[in-house]
Amino acid sequence: MVAQKDDRKFSVLIAGGGSTYTPGIVLTLLNGLDKFPLRKLKFYDNDGERQKKIADATAILIKERAPEIEFEATTDPKEAFTDVDFVMAQIRVGKYAMRSKDEKIPLKHGVVGQETTGPGGIAYGLRSIPGVIQLVDYMEKYSPNAWMLNYSNPAAIVAEATRRERPNSKIINICDMPIDIMDRMAAILGFKDRNDLDFRYYGLNHFGWWTEVTDKKGNDMMPKLKEYVSKNGYWVGGDYDAHTEKSWEETFKKAADVYKLDPTTLPNTYLKYYMYPSWVVKHSNPNYTRTDEVEAHRQKMVFGECKRIVDAGTAKDTEFKPDEHSTYIVDLCTAIAYNTHQRMLAIIPNEGAISNIDPTATVEVPCLFGANGPERLSMGKAATYQQGMITEQNSVEKLAVDAWQEHSYTKLWEAFSLCKIVPDAGVAKDILDDMIVANKDYWPELK
Ligand SMILES: NC(=O)c1ccc[n+]([C@@H]2O[C@H](COP(=O)([O-])OP(=O)(O)OC[C@H]3O[C@@H](n4cnc5c(N)ncnc54)[C@H](O)[C@@H]3O)[C@@H](O)[C@H]2O)c1
Ligand SMILES: O=P(O)(O)OC[C@H]1O[C@H](O[C@H]2[C@H](O)[C@@H](O)[C@@H](O)O[C@@H]2CO)[C@H](O)[C@@H](O)[C@@H]1O
Ligand SMILES: [Mn+2]
């Protein structure tokens with residue numbers, strides 16, 4: 001939908017300018033200027049050297065494709081956050097070096113090692129909370145009318161922390177996993193993309209279920225999707241998956257087994273970690289995890305391509321493409337800027353959206369987005385299975401935030417041990433003690 005235009009142009013700040021996702025987002029922004037016009041684009045990162053490599057290539061891209069946009073990259077918060085309408089936050093506190101530990105430490109103890117799931121996700125959460133809160137504070141100090149779209153992970157824990165610590169802030173926490181899956185659903189059904197379908201979905205971030213998928217005439221698409229997913233998961237194959245990495249292929253295919261646990265709904269791929277943890281551990285190499293793959297592929301490609309652009313002095317033939325997933329970020333900015341009330345998922349305080357779940361839980365549900373932010377839609381009752389799963393996992397996320405706020409060893413041990421993928425409190429304690437050492441430069445000192 002092309003929004004009703006006026007003569008405004010917007011100033012966007014990408015916080016975490018050195019992220020591997022930055023070039024894809026820049027190209028999505030440049031592609032969407034007719035919907036969401038820009039006057040200024042800024043990068044902010046606390047690692048100036050990493051950011052500069054992406055910024056130097058971006059400066060060339062912008063000069064060639066939209067020279068009217070003012071571009072700057074900085075490590076100075078005041079310069080970065082002044083005169084900004086939207087902040088896109090994508091920081092990784094501790095960078096890949098710490099992600100690697102989040103994955104490898106649990107695996108050493110025979111437990112799933114994953115960026116946003118289980119002990120690894122909790123460890124990352126305790127690093128991310130102060131980093132994202134600092135960004136919110138900079139935004140409120142220097143551009144109090146701006147909105148922050150945060151996708152720094154683990155989004156569930158970050159959203160719970162910002163709900164408590166900055167309840168009135170204009171921060172919207174979002175995730176691209178459902179976006180990817182909804183595009184796959186559209187491809188499976190023979191539609192162009194997710195915008196050809198309507199969805200009902202509920203759960204927590206990286207922990208949710210679709211209860212309805214319909215076409216634009218209201219026809220039920222669930223039977224056809226269920227038949228496909230029960231055999232293939234969300235794997236589409238062919239050209240669609242020509243560039244999908246092996247570990248993601250495994251994840252999309254495993255959704256077939258996850259689906260079987262509740263054939264009345266369709267699952268988020270991340271549920272595989274909770275329902276098949278032993279299978280995941282058996283299929284993991286504790287010495288070569290997802291971080292190693294990302295460093296060898298995505299990071300190498302992104303920084304290599306930036307260097308190539310800078311050396312050539314042109315980006316005319318660049319391999320960088322608009323990142324289809326990040327179109328939802330631009331759609332969200334457009335919906336807020338032009339008050340379109342577009343329906344999109346967000347990670348938001350429950351407040352009744354799932355009627356039999358704690359109103360203070362931070363859930364992921366469809367919302368209508370307009371000038372005043374998100375308005376959550378009611379998803380009704382969670383079924384017994386989902387209610388149990390959500391309640392347990394939400395308690396894990398709440399305990400993690402309690403632990404950070406209270407500097408409490410016991411609360412963090414409880415969070416680790418309550419987590420469905422950790423077998424017992426003894427293993428939870430062993431992992432926690434290793435994590436405390438690994439995170440000594442990031443976590444508060446626990447009492
Ligand atoms: N929500 C989602 O669905 C979704 C999707 C993709 C990526 N992500 C998240 O986006 C983030 C970036 O991912 P990536 O793989 O590109 O990581 P990356 O390490 O390449 O980039 C992160 C950048 O953040 C910077 N940074 C770290 N701490 C900072 C701080 N306190 N202040 C300012 N900058 C800081 C780093 O220097 C780095 O340049 C991660 O949090 C990742 O989990 C989320
Ligand atoms: O292991 P990574 O760094 O590649 O990805 C971790 C992120 O995974 C999800 O986003 C995925 C997406 O959904 C997937 O299909 C892939 O192709 O692209 C995205 C980014 O890699 C998840 O939603 C994020 O929260 C994770 O950070
Ligand atoms: Mn996500």
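## A walk through the model

Asn339 sits in the loop between α13 (327-338) and β10 (342-349); helices (H or I, at least four residues) and strands (E, at least two) are DSSP runs numbered from the N terminus. This is a predicted model, where local features need pLDDT of at least 70 and side-chain atom pairs count only at pLDDT 80 or more, while totals for chains, interfaces and linings use all residues. Residues are numbered from 1 along each chain as its sequence is written, chains are lettered from A and ligands numbered from 1 in the order written, and side-chain values use heavy atoms, leaving out hydrogens and water.

Asn339 has a positive phi although it is not a glycine, and so does His206. Here they are, with burial classes (buried is under 20% relative accessible area, exposed over 50%, partly exposed in between, with a 1.4 Å probe and protein chains only):

| Residue | Phi | Relative accessibility |
|---|---|---|
| Asn339 | about 55 degrees | 39%, partly exposed |
| His206 | about 55 degrees | 6%, buried |

**The manganese site**

His206 turns up again at the manganese ion (ligand 3), where the protein donors are Cys175 (SG) and His206 (NE2), 2.2 to 2.3 Å away. Donors here are N, O and S atoms within 2.8 Å of the metal (3.2 Å for Na, K and Ca); water is not among the atoms, so sites may look incomplete. The two residues are 31 apart in the chain: Cys175 is in the loop between β6 (171-173) and α7 (177-189), and His206 in the one between β7 (197-204) and β8 (207-215). Cys175 is buried too, just like His206.

**A strand residue and a cis bond**

Val363 belongs to strand β11 (residues 362-370) and, with 0% relative accessibility, counts as buried. Beyond its neighbours within four places in sequence, Val363 is in contact (heavy atoms within 4.5 Å) with eight residues, among them Gly203, Leu204 and Ile348. Its C-alpha atom is 9.3 Å from that of Glu160, though the two are 203 residues apart along the chain.

Elsewhere, the peptide bond from Asn153 to Pro154 is cis, with omega near -10 degrees. Pro154 lies in the loop between β5 (147-150) and α6 (155-165).

**Two helices side by side**

Helices α4 (residues 95-108) and α5 (residues 118-142) have axes that come within 8 Å and cross at roughly 150 degrees. Axes are lines fitted to C-alpha atoms, for helices over the stretch in contact, with angles from 0 to 180 degrees between N-to-C directions. The contact involves Met98, Arg99, Asp102 and Pro106 of α4, and Pro119, Gly120, Ala123, Tyr124 and Arg127 of α5.
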